[in-house]
Amino acid sequence: LHLLSRRQRQMCIRDSPQAKEHAMTKKLDTQLLYLGTVPCGIVKNPEVPPIYPSTAYIIDDMDDYDFASSGGRYFYSRTANPNRDGLSQAISYLEQGDATIICSSGMAAIATVLLGLLESGSHILMSQRIYGETIELANTLLKKFKIQISYADFSNLSNVEELIQPNTRILYTEIISNPLTQVVDINNLTKLAKKYDILTVIDSTFTTPFLIQPLTHGADIVIHSLTKYFGGHSDITGGSITASAGIIDALLPQYLLLGCCLDPYSAWLILRSIKTMGMRVRKQNENASALAQALNNNPHVKAVYHPSLADHPQHVLASKLLKDGYGAILSFRITDSREKVNGFMHQLKLAKYLGTLGGIRTTYTHPATAFRKKFSPKALMEMGLHEGLIRVSVGAEDIDDLIDDFSQALEICNS
């Protein structure tokens, strides 16, 4: 069509079946509802997949409805959408799973898994070092359904085994904890779960499939907040659940009834972002290891938490489990002074305080402040959330610029 003259294109549009069909009416409002909705030329093999925002697809007749509603083709966007399916295919490949459900957020993915697989009277054993809102979901929503919840130190598998009960259905953890970066021995954890016929659910948001693919290590379900590294630009919210075909089939009814499907445009954006994810994440992981070493050598820093460091308690384990780096999240501690910490933040030129992570630019947060209203000062101390602790999501800047930025900001500790 692009080879046709402007006049030929105009004639093509004028003479299209759609235009002829509606030529019978001269009512402007009616024509505007129908004209221009079907391409008049040949649309073949676009380099970039189109976005399918339509909430529904036209049905030919009752037989066609029966075919569509049984999964034969797309007919309602909440049920299925081409953009979500394309993203699902990519994530299933990255995680080496049979199928993936695409959700509207990481929390939607977590809620779908827990509400879909647990029932009243069952028990879930969760790591005590997981995303704070996952704990809130468990302590509020799950308890309303009389689901029993226990927490364990998942870096100590003896502690985990001691807390397994006859009605335990799920072991739930992240591989690298937030914010102190403890590493879970997923290989032995999944062996323990299989010993008791329990499902292992892994939130692998921090690690991404470029560091580890939990399903290949024996896990049953892997969850991601696609908002973080998959999106990578702090402009998309989404979540995913990857597992065997059987588990996904069991979760689909709850997923559809909860209505937590991702919109087509966000799915399209995340699939686009995945195309550069390997480059971004590898650079971020590399930068995090270099920044961790630089901070470890800085006299103003009391402690650095990153699995790349030789003195990290799970450095050897992380080296065996993870590929292409140790993750792009690190934490470090300076003096426990609110004034000094605020002064450090004010001195930073590149890194910004942001309530999320995984973006291509370096950001940081203050864990104690994030949880100050939810936990007592004593509880914060017991969790290791000291006033001087800062968590950094390392981006893809030139590493020399990052090290210089943090080094100059730390000079505030001299004053």
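What follows is a chat about cysteines, a glutamine and salt bridges in a predicted model.

Colleague: Anything to know before I dig in?
Modeller: It's a predicted model, where local features need pLDDT of at least 70, side-chain atom pairs count only at pLDDT 80 or more, and totals for chains, interfaces and linings use all residues. Residues are numbered from 1 along each chain as its sequence is written, and side-chain values use heavy atoms, with hydrogens and water left out.

Colleague: OK, how many disulfides?
Modeller: Zero, taking a disulfide as a pair of cysteine sulfur atoms within 2.5 Å.

Colleague: Why is Cys-103 not in a bond?
Modeller: Because its closest cysteine sulfur, in Cys-260, is 4.2 Å away, which is too far.

Colleague: Is Cys-103 buried or exposed?
Modeller: Buried, at 0% relative accessibility; buried means under 20% relative accessible area, exposed over 50%, partly exposed in between (1.4 Å probe, protein chains only). Cys-260 is buried too, at 7%.

Colleague: Switching topic: what does the side chain of Gln-213 reach?
Modeller: The backbone oxygen of Leu-94, at 2.6 Å. Gln-213 itself is buried, at 17% relative accessibility.

Colleague: And how many salt bridges?
Modeller: Six, each being a side-chain nitrogen of Lys or Arg within 4 Å of a carboxyl oxygen of Asp or Glu. One of them joins Arg-333 and Asp-336, with the closest N and O atoms 2.4 Å apart.

Colleague: Which of those two residues is buried?
Modeller: Arg-333 is, with a relative accessible area of 17%, while Asp-336 is partly exposed at 34%.

Methods
Polar contact = N/O pair within 3.5 Å; in protein donor to acceptor, adjacent residues only side chain to side chain.
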